[in-house]
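Q: Please take a close look at a single part of this structure and describe how it is placed among its surroundings. A connected account, suitable for a first-year student, would be appreciated.

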Amino acid sequence: MVRDRRNQTIIVSGESGAGKTMSAKYIMRYFASAHDDTKAQDAAPDAISRVEEQILATNPVLESFGNAKTTRNDNSSRFGKFLEIRFNERHAIEAAYIRTYLLERSRLVYQPASERNYHVFYQLLAGADKDMRTRLGLPADAATAWDSFNYTRQGGSGQIANVDDAKEFEHTSNALGVIGVTTEQQGHIHALLAALLHIGNIDITGASERVGAAIATDDTACARAVELLQIDSTLFCKWLTKRQIVTRSEKIVSNMTRAQALVVRDSVAKFLYAHLFDWIVRAINQALTCGDSSAPTASFIGVLDIYGFEHFEHNSFEQFCINYANEKLQQNFNRHVFKLEQEEYQREQLENWTFVDFQDNQPCIDLIEGKLGILALLDEECRLQQGTDANFAEKMYKQFAAPGPKPKPDAPAAFFQKPRFGACEFTVRHYAHDVAYEAEGFIEKNKDTVPEEIQNVLKASQGSLLPQLLSDPSASASDSAPPPAQPAAGRLSVRAARKPTLGAVFKHSLASLMDTIEATESHYIRCIKPNEAKQAWAFDAPMVLAQLRACGVLETIRISCAGYPSRLPIPDFIHRYRILLPGPMEPLTPESSLDEYRALAGRILAVAFDQQPDRSQVGLTKVFFRAGMLALVEKQRVERLNVAATTIQALVRCFQQRQRFLREKRAVLLLQTLARGVLARRQLRMLRDTSAATSIQALARGFLARALFRTTIRGIVALQAQVRGTQARARFLDMSKEHAAIQIQRTVRGYQARKQCKHELRLITRMQGRLRQ
């Protein structure tokens, strides 16, 4: 899509139960998460946008309302789905749009043995809480509630192995919330689903055609259905059992038989469920397109998940339409792979090519949709007032199985078989299998009508959801109906515009789908069913081989091996792969001839494949490759580009590294200068600080030393003074004592001397006296 700028379509096909729904689910999940490079850089790695989340939420919703258990598949899609994933210019998902095709309405009112109704009914019965059960009139026992309603117990199977319907109901409710369905609207949906279950339990009596059908006034199911639908009970019961015939002059009301009333009852249920399904699809599209489904889109990738080929023991109108759709898809595959492929080979005048035969299903499609085909005969019989299934079968026998010579193998009649025994049956030889259809019920299912009187009763509902479902002009959006035919000019008509039959609507929508597919680049995914028993790891080889042969895979392999599945226009090929040529060359101009282009393309191929011409061919306007050869050329181109890119990267990186080295060198020198200046200043500052510290230390130490010295001197002086004082005082004391002793001695000696002197004087005096005497 990005490279070729062309819209893409992925067609998932295969038999019922082969895994188409799961494959489509994985594809959607991949596209919703595969463009992380387009997201905002600040987003979480696993974050997804709102649209992507809503795309993923459509799976549980559509599976719940459109899938059911069948004998072949526990989760069989009973409708076709084409999902457009729309991308913007940045290739990010910006919107999506869903178209649905042919919902199997009859499954609502009838299920074969061992099959189930749509999943949503069993999910509602298993997952509803107590208050919801009381409000909706559902049984209290969730395990056996499905056995209480006629529309859910016919198949005799109410549960699926390894599936919890209660949890699935929660998942479905959450998914409805994601796509924008409010809790109130979900409540109305639950009420409508419960009303459908109660409608199936309405007991219609009527012993004979004269008495007519009737509904008891105390019918609990009818009362509950009317209450949930919020409609007029009297009118609803009246028009379930009576019909009105409008003539030019009057309206005649007549009784219906019990069988006719049961058909009307079931038609009302199918009518309501089909409109509910369409409303859900419109709600999904409203959310996915942000309300503008017609907005232009840059590109889109379509994913087609449509019902697989079906052939049951009893096949009816639904299987006929389903197989018709598969025939159209197979025809598209044939045209894409076989017809167009080989016609292009012949048109391009490729050498050594022989036409490969294949099974063309165009006659089978003509049998179904031709001017006098089965659908045309069916619509013709539906237009008759007294048309019956037996008359329809008889017309087919006359048209396609009339006595006479055997039809040609490629004639539509050769694909129709009349049964040897039994009436109202016919067999169509489809591409995958011969399928016998029971014509009984074709007329009623193709008309798909509900009496207008009952439609008016439903439209007059007092609820908010039901009138919205029935009054929406796009109420049948799932199958785009063709415009009704207008009466011829100048002709008066009192008949209202005829409603297109279901077959005509489906044919028109299928043609529109084919136009969409053919306008895009198609990619096919063939899902193969390994066995009929739905067992894991069981492989039925003959069954698988039959599927491969029926869907054209074997012929595709033959053409892929013998043909040229890959091709490119010559100018595009030269523009992309001329790099493989060695050395320079003169460029081609728009005036260059086609032969010059072809010659240059041949030179490129000779270089690419080393003179092996069987791997490719040059046509008139395109270059064709055997399977895998284009990838080989692309590999060589990538290798050459890698070498050139490596050389360029080496030179650029060398220049970048040199410039980076020079810048870093200059930066380093500058940083070194700055660092050395800083270090020098830091060292100078440190030296200054050291010198200052030394001076301070010297001064401080001198001061401290002097202070200590002075303190020591003072201590010493004080001590010396103390000692000396002590010593002086001691000497003084000694001296005082000595002086005192001296004084005493002097005094004593003076006293003694004086005493001696006086004694001596006395003696002398006495002596003298005596002498003188």
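A: In this predicted model, strand β1 is covered on both of its faces. On one side the buried residues are Q8, I10, V12 and G14, and on the other they are T9, I11 and S13. Seven of the seven residues of β1, which spans residues 8–14, are thus counted as buried.

The strand also has partners. With strand β10 (residues 299–305), β1 pairs in the parallel sense, over five bridges. Within that pairing, Q8 has I301 of β10 as its bridge partner. Strand β14 (residues 521–527) likewise runs parallel to β1, and seven bridges join the two. Here G14 stands opposite C527 of β14.

Helix α2 offers another case of a covered element. This helix comprises residues 50–66, and its 17 residues reach 24 Å from the first C-alpha to the last, close to the 24 Å expected at 1.5 Å a residue. Of these 17 residues, 13 are buried. How do α2 and α10 pack, in terms of angle and distance between axes? Their axes lie 10 Å apart, at an angle of about 175 degrees. Because angles over 145 degrees count as roughly antiparallel, α2 is roughly antiparallel to α10. From α2, the residues that make the contact include V51, I55, L62 and F65, while those from α10 include Y273, F277, I280 and I284.

Two of these contact residues appear again in the interior. The largest nonpolar core has 97 residues, and F65, I199, F236, L272, Y273 and L458 touch the most other members. Helix α10 (residues 258–288) gives the most to this core, contributing 17 residues. Leaving aside its neighbours within four places in sequence, L458 is in contact with L229, I231, V268, F271, L272, L466 and L470. There is also a second, separate core of 45 residues, and C382, V428, L502 and L513 are among them.

A further sheet may be described for comparison. It is an open sheet of three strands in the order β15-β17-β16, with antiparallel pairing. Its edge strands, β15 (566–569) and β16 (616–618), each pair on one side only. From one strand to the next, the twist averages 15 degrees. Three bridges link β16 to β17 (residues 622–625) in the antiparallel sense, and Q617 stands opposite F624 of β17. Helix α21 (residues 570–577) lies across β15, β16 and β17, and runs at about 90 degrees to β15.

Notes
Residues numbered from 1 in each chain as written. Predicted model: local features only at pLDDT ≥ 70, side-chain atom pairs only at ≥ 80, totals over all residues. Heavy atoms only, no water. Pairing = 2+ DSSP bridges. Helix = DSSP H or I, 4+ residues; strand = E, 2+ residues; numbered from the N terminus. Axes fitted to C-alpha atoms, helices over the stretch in contact; angles between N-to-C directions. Contact = heavy atoms within 4.5 Å. Core = buried A, V, L, I, M, F, W, Y, C linked by side-chain atoms within 4.5 Å. Buried < 20%, exposed > 50% of the residue type's maximum accessible area, 1.4 Å probe, protein only. Expected span 1.5 Å × (residues − 1). Parallel < 35°, antiparallel > 145°, perpendicular 65-115°, else oblique.
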